[in-house]
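Me: I would like a close look at a single part of this protein, namely its open sheet, and at how the rest of the chain is arranged around that part. Please take me through the sheet step by step and then set it in its surroundings.

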Amino acid sequence: MQFHGLNYYSKQPQKIFDFYKLLGFKVHQEKESDDYFGAALALTNEKEPLLWIWSIPEGENQPCCNNLYFTTNGQVYEIYEKLKSAGVDCPEPVKTSWGGVELIVTDPDGNTVLYT
């Protein structure tokens, strides 16, 4: 079995697409249509895993919660500096009670992106 990617549904897909590009995700596919958003960002390389971003039609609710978690191999502070320099509004990393370091970023839909 192989993990291929995640579907992300939003009422503001262009804003979400732009936000995750700021986080350093690579554009795999631009917006397909005005009828539905249908764009994709690569999480780790040019091909996969992918984050597919879809629009939610008016009057419908967001079907799921989208919370992402990434390990940084001890690079949390470097990720923080990169995000700040890209214009992402995020709090400083915090030391956890168990001795780790975490950076939590909130996307425009209110979902969390956790870096450890």
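Reply: Before turning to the sheet, it may help to begin with the pocket, bearing in mind that this is a predicted model. Helix 2, which spans residues 76–85, gives the largest share of the lining of the largest pocket, contributing 3 residues. That pocket has a volume of about 260 Å³, and among the 13 residues that line it, those closest to its centre are Leu 23, Phe 25, Leu 43, Ile 79 and Tyr 115. Sorted by class, the lining consists of 7 nonpolar, 4 polar and 2 charged residues.

Now to the sheet itself. The protein has 2 helices and 8 strands, and, read from the N terminus, its elements follow one another as β-α-β-β-β-β-α-β-β-β. Of these strands, 4 form an open sheet with the order 1-4-3-2 and mixed pairing. Strand 1 and strand 2 (26–29) are the edge strands, each of which pairs on one side only, and the twist from one strand to the next averages 30°.

In general, the strands of a sheet pair through backbone hydrogen bonds, and they may do so in a parallel or an antiparallel sense. Following the order across this sheet, one starts with strand 1 (residues 5–10), which pairs with strand 4 (residues 50–55) in the parallel sense over 6 bridges. Within this pair, Tyr 9 stands opposite Trp 54 of strand 4. Gly 5 also belongs to strand 1, and, leaving aside residues up to four places away in sequence, Gly 5 touches Pro 49, Leu 50 and Trp 52. The C-alpha atoms of Gly 5 and Pro 49 are separated by 4.5 Å, although the two residues are 44 residues apart along the chain.

The next step in the order leads from strand 4 to strand 3 (residues 39–42), and these two strands pair in the antiparallel sense over 4 bridges. Here Ala 42 has Leu 50 of strand 4 as its bridge partner, and Leu 50 is also one of the residues that Gly 5 touches. The last step joins strand 3 to strand 2, again in the antiparallel sense, over 3 bridges, with Val 27 having Leu 41 of strand 3 as its bridge partner.

Helix 1 (residues 13–22) lies across strand 1, strand 2, strand 3 and strand 4, and its direction makes an angle of about 160° with strand 4.

Seen over the whole protein, residues 24 or more positions apart account for 48% of the contacts with a separation of 6 or more, and buried residues make up 38% of the 116 residues.

One backbone detail outside the sheet deserves a careful look, and it concerns Asn 73, which lies in the loop between strand 5 (68–70) and helix 2. Most residues other than glycine have a negative phi. Asn 73, however, has a phi near 55°, a positive value in a residue other than glycine. Asn 73 is also exposed, because its relative accessible area of 72% is over the 50% cut-off for that class.

How values were computed. Residues numbered from 1 in each chain as written. Predicted model: local features only at pLDDT ≥ 70, side-chain atom pairs only at ≥ 80, totals over all residues. Heavy atoms only, no water. 1 Å grid on protein atoms, 1.4 Å probe; cavity = no way out; pocket = protein on both sides within 12 Å on 5 of 7 lines; lining within 4 Å. Points joined across faces, edges and corners; volume = space filled by probe spheres on them. Nonpolar A, V, L, I, M, F, W, Y, C, P; charged D, E, K, R; others polar. Pairing = 2+ DSSP bridges. Axes fitted to C-alpha atoms, helices over the stretch in contact; angles between N-to-C directions. Contact = heavy atoms within 4.5 Å. Buried < 20%, exposed > 50% of the residue type's maximum accessible area, 1.4 Å probe, protein only.
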